[in-house]
Amino acid sequence: MTASTEVTCAVCGEAAEESASALCGECDRPFHLNQRNDVIGKDCGDVWVDEQFLSLRFACFTCLPPDRRPSGRGEATASGQGEPPVGEKH
Ligand SMILES: [Zn+2]
Ligand SMILES: [Zn+2]
């Protein structure tokens, strides 16, 4: 018996605790979002403050392309992006 509710992350497909996830404002699906600074968690989306409505907005990485993310939180996009797959030649 577990007290915590688990949801399935829409981005990576793994289980996420409800307290460590958020609902995407685009697709309305849950995704991993570490909302605590004192705990190392997984981020499969981003959260930012909407300046127009002054409210928190959530979006999973499926709905949020890397170049449209308002912050690079927890992402290492400096390298490893756009690299062609390594093909083995014989
Ligand atoms: Zn995830
Ligand atoms: Zn989404």
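**Figure 1. Long-range contacts in the whole chain.** Take the contacts in the protein chain with a separation of 6 or more: 30% of them join residues 24 or more positions apart. Keep in mind that this is a predicted model. The chain has 90 residues, and buried ones make up 19% of them. As for secondary structure, you get six strands and zero helices, so reading from the N terminus the elements simply go β-β-β-β-β-β.

**Figure 2. How confident the predictor is, stretch by stretch.** Mean pLDDT for the protein chain comes out at 81, with 70% of the residues at 70 or more. Among the elements, strand 4 (residues 30-32) has the highest mean pLDDT, 97, while strand 5 (residues 45-50) has the lowest, which is still listed at 92. Then there's the stretch from 74 to 81, where pLDDT stays under 50. For those residues the model has four contacts beyond four places in sequence.

**Figure 3. The largest nonpolar core.** Twelve residues belong to this one. Four of its members are alanines, namely A10, A16, A22 and A59, and the cysteines C9, C24, C44 and C60 are in there too. V11, F31, L33 and L64 complete the set. In soluble globular proteins, nonpolar side chains tend to be buried together.

**Figure 4. A22 and what surrounds it.** A22 is one of the core residues. Leaving out anything up to four places away in sequence, A22 touches P30, F31, L33, G45, V47 and F58. Two of these names, F31 and L33, also turn up in the list of core residues.

**Figure 5. L64, a core residue past strand 6.** L64 sits in the segment that follows strand 6 (55-60). Why does L64 count as buried? Because there are 21 C-beta neighbours inside 10 Å, and the cut-off for being buried is 20 or more. Go 20 residues along the chain from L64 and you can reach C44; the two C-alpha atoms are separated by 10.0 Å. Both L64 and C44 are part of the largest nonpolar core.

**Figure 6. H32, a buried histidine in strand 4.** Look in strand 4 for H32. H32 is buried because 24 other C-beta atoms lie within 10 Å. Apart from residues up to four places away in sequence, H32 touches C9, V11, C12, A16, A20, S21, K42, D43 and C44. Of these, D43 is eleven residues from H32 in sequence, with a C-alpha to C-alpha distance of 5.1 Å.

**Figure 7. The hairpin of strands 5 and 6.** Strand 5 and strand 6 run antiparallel to each other and pair over six bridges. At D50, the bridge partner in strand 6 is S55. Together the two strands make a hairpin, with four residues between them. In a regular strand the side chains alternate between the two faces of the sheet.

**Figure 8. Two positive phi values outside glycine.** L54 belongs to the loop between strand 5 and strand 6, and its phi is near 50° although L54 isn't a glycine. Is L54 buried or exposed? It counts as exposed, because there are just 7 C-beta neighbours inside 10 Å. The other case is D28, in the loop that links strand 3 (21-23) to strand 4. D28 has a phi near 65°, again positive in a residue other than glycine. With 10 C-beta neighbours inside 10 Å, D28 is exposed too.

Note on methods:
Residues are numbered from 1 along each chain as its sequence is written. Chains are lettered from A and ligands numbered from 1 in the order in which they are written. This is a predicted model: local features need pLDDT of at least 70, side-chain atom pairs count only at pLDDT 80 or more; totals for chains, interfaces and linings use all residues. A nonpolar core is a set of buried Ala, Val, Leu, Ile, Met, Phe, Trp, Tyr and Cys residues joined through C-beta atoms within 7 Å. Two residues are in contact if their C-beta atoms, placed from the backbone, lie within 7 Å. pLDDT is the predictor's confidence in each residue, from 0 to 100. Two strands pair if DSSP finds at least two bridges between them.
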